[in-house]
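User: I would appreciate a close look at one part of this structure, with attention to its side-chain contacts. Please set out the details in a connected account.

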Amino acid sequence: MRLFLCTVSFAMALALQAQDTGITVAPLPSGPVIKAEKRLVLVDAIVADKHGNYIRDLTAKDFRVWEDKKEQSIESFSFEAGTNSPNAQKRYLVLFFDNSTMAFSEQVQARKAAQQFVDTNAGPDKEVAVVNFGGSLQIAQNFTEDTDRLKQAISGVKFSFVSPNGDVGGAALSSAAAQFGARDALLAIRSLAKGLASVPGRKTLVFLSSGFPLDSELRSELTAVINVCNKNNVAIYPIDVRGLVALAPDGHSQLFNSYAGVHLVTASYVQQRGGTPAGGTGAGAGRGGTTGGTGAGRGGTTASSPSRGTTAPVNNNINRNPLNSPLNPNNPFNQARSLIPQIPNVSRNQEVLYDLANGTGGFVIVNTNDLLAGLQKIGHEQDAYYVLGYTPEPSKEGACHDLKVKVDRGGVEVRARTGYCSTKPLDVLAGSPVEHDLETRAAAAAPGNVQASMALPFFYTSSNTARVNVAIEIPSETLQFQKEKGKQHSEVNVLGIVTDEQGSVAARFSDNVKVDFENKKQVEQFQEKSMHYQTQFDIGAGKYNVKVVFSSGGQSFGKLEIPINIDRYDNSKFGISSVALSHEVHKMSDLDVALDATLLQDHTPLVSEGMEIVPTGSNTFSKSGLAVAYLEVYEPVLQQTPQPAANFKVGVDLKLVDKKTGQQKIDTGYITLAPYIKTGNPMIPVGMRIPIEKLDPGTYIAQFQAVDTTGNTSVLRSTEFVIR
């Protein structure tokens, strides 16, 4: 599935806009092009008879396409037959070796078949790439037609630091570690699919794996993978390298640890507290990304009315969250689970393989030792697909849509993608009068008349590059509601401008958040709490000024301005992120479709040991409430081969200092981070409860420093907070 947007612009400008929005754009002629704005959805379809022979003589009249059960009018049609096609373009195929699930003997068999495959399938019009996954994604060979280079990249059995099936080198792992491996494998596929966005045409990803079991949380990850693949025109063709056997163990364990009154935030901790700490139904999850805090999203937003204090009962008569909040039942992203097809009667490990294939328009090779024949069948399909185009009806931003394709000919089967979800661009208001108004207010000397608070914690995604999490608390009583279509409606427009030391714009974001309630009583309840807003953006190391302006209409507006210093960091060295404070912690397994929304919107949640930690824009805490800190420790030693010695340790020291007197109130000493370490992953996500119940009201400075047993010590990270 490809979504095209044509408008008045230059070809290059349009391509850049498409890169930001996740929209694929057809090649345009050089020079300015004037066209009426028009969305065009392109669907790739494979048609074969009952013997598996491809049908190549169909016309547009033979096809029928439905979006959300409504038939569409086909406006464009082509048959892609390789070099024989009038619109011939190169074919691109990726060999993805999932070393985390394959035994050594299975790797040998798979790699031998792959070497034979490239001998006859790589050429001037067919380029192949080789990718390895063993806890992290490694591009062994980028796209090339050079068979010698490809065979060299394929050769050799590779090791893995993770195991989605719970076994590495014969040593049994906990099911929690196995789940981490499975999540990391799905993240690797999603990251690769994002990287293929700029590669033209339909991309074929051959996933050589032994599969792994799925649970509810992993299905959210799987939904996000399928959506990214469909957005970037990547079809997945899994091959089960095992043959006819193997089921994975079941079960799940949680970890809990405490030291000197400071608790590591885990699922067990939440269970012991009797539910979601300071929870309720208002999660601050936003645009997509990955659990565990890994990866770098382009950016994303969310808004909700966060619950404070005790856990609130569920009230079906009130929607406490704005429309784009993941927990909102009217959130269009909550339809996303339909992207995963129902696959009955397959082994637990094969279910993920069928889901990936059927969700993206590929097929599965299972129960065979002739892997070469399976690879050849996949290769042949590169020259046998139809491309159908239609213009859909207007829909809400962020809506997910089901797709169905049929052919009016008996005895044939059609394979196509199951659907797609649209996402908002990072700069929603770009070019609009609203953006111009907010830009004027941002440039003016006058301060805002709405008092709000903002925090900007950052987390490294690579050397000298960080993801900045913007968290804002907006007084909800300042939102202006009006009756619209029988509901109480309000909108909050947000503009953020990030400038460097020279005053140049280094990054920007904007958003339009719609808030709808059934009646005024619901509005009154919503206004009892602050409105929580989140977004993310990526930026390089340096000193910046972040200015955010927001408005709900009229003369009421808020202006926030904070400097941020992202110090340089080399990801080959020991390091630590900044610190995010939080009032809210949620079990990821409880979020379900809310997690779908988070991941589909390309937002990277802060996750530690299966718990999402929602960053707050306010540093004020109630003495009887919950205060949690999230940070990331970066330990490259965890990627070394052989693995670190058994006595290797990483820890974090927390000191709490009274800001007024300078007196140190609490020093935990170094708390071991062993429960958070996933071998092979250098990023250690840490969730830590701050023992505010032991402190008197006042202003404090929390100081965090990481150390390991090889003598590495991180810089000192500090954050200020207030207890009332």
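Which residue forms a salt bridge with Arg64, and how far apart are the closest N and O atoms?

Analyst: Arg64 forms a salt bridge with Glu71, and the closest N and O atoms of the two are 2.9 Å apart. The model is a predicted one. Arg64 has a relative accessible area of 31% and is therefore partly exposed. Glu71 is likewise classed as partly exposed, because its relative accessibility is 38% and the partly exposed range runs from 20% to 50%.

An aromatic contact involves the strand that begins at Phe63. The whole structure holds 18 aromatic pairs. In one of them, the ring centres of Phe63 and Phe77 are 5.8 Å apart and the planes meet at 50°, so this pair is tilted. Phe63 belongs to strand S3 (residues 63-67) and Phe77 to strand S5 (residues 74-80); the two residues are 14 apart, and their pair links distant parts of the chain. With a relative accessible area of 4%, Phe63 is buried, whereas Phe77, at 31%, is partly exposed. Ring pairs also join Phe63 and Phe77 with Phe79 and Tyr386 in a cluster.

A second tilted pair is formed by Tyr460 and Tyr569, whose ring centres lie 4.8 Å apart with planes at 35°. Tyr460 is in strand S21 (residues 458-462), while Tyr569 is in the loop between strand S28 (557-566) and strand S29 (575-576), so the contact ties together parts 109 residues apart in sequence. Both of these tyrosines are buried.

The salt bridge of Arg64 and Glu71 may be set beside others, for the structure has 23 salt bridges in total. Arg415 and Glu381 form one of them, with their closest N and O atoms 2.5 Å apart. Arg415 lies in strand S18 (residues 412-416) and Glu381 in helix H8 (residues 371-381), so this bridge ties together parts that are 34 residues apart in sequence. Arg415 is partly exposed at a relative accessible area of 25%, but Glu381 is buried at 0%.

Another salt bridge joins Arg717 to Asp567, with a closest N to O distance of 3.1 Å. Arg717 is in strand S39 and Asp567 in the loop between S28 and S29, so parts 150 residues apart in sequence are tied together. Arg717, at 11% relative accessibility, is buried; Asp567, at 25%, is partly exposed. In addition, a network of salt bridges links Asp44, Arg202 and Arg417.

The strand that carries Arg717 is part of an open sheet of five strands, ordered S33-S39-S38-S35-S36 with mixed pairing. Its edge strands are S33 (620-621) and S36 (664-672), each of which pairs on one side only. S33 and S39 (residues 717-723) run parallel and are joined by two bridges. Phe621 has Ile723 in S39 as its bridge partner.

Charged groups also meet aromatic rings. The charged end of Arg111 sits over the ring of Phe97, 4.2 Å from its centre, and that of Lys377 sits over the ring of Phe363, 5.3 Å from the centre.

On the surface, Phe104, Val108, Val157 and Phe159 make a nonpolar patch of about 400 Å². Val108 is located in helix H2 (residues 104-121) and is partly exposed, with a relative accessible area of 48%.

Conventions
Residues are numbered from 1 along each chain as its sequence is written. This is a predicted model: local features need pLDDT of at least 70, side-chain atom pairs count only at pLDDT 80 or more; totals for chains, interfaces and linings use all residues. Side-chain values use heavy atoms; hydrogens and water are left out. Patches are made of residues with over 30% relative accessible area and no salt bridge: like charges are joined within 9 Å, nonpolar side chains (Val, Leu, Ile, Met, Phe, Trp, Tyr) within 5 Å. Accessible areas come from the Shrake-Rupley method with a 1.4 Å probe; for residues, only the protein chains shown count as cover. A salt bridge is a side-chain nitrogen of Lys or Arg within 4 Å of a carboxyl oxygen of Asp or Glu. Helices (H or I, at least four residues) and strands (E, at least two) are DSSP runs, numbered from the N terminus. Buried means under 20% relative accessible area, exposed over 50%, partly exposed in between (1.4 Å probe, protein chains only). Rings of Phe, Tyr and Trp (its six-membered ring) pair if their centres lie within 6.5 Å; planes under 30 degrees apart count as stacked, over 60 as edge-to-face and the rest as tilted. A charge sits over a ring if NZ of Lys or CZ of Arg is within 6 Å of the ring centre and within 35 degrees of the ring normal. Two strands pair if DSSP finds at least two bridges between them.
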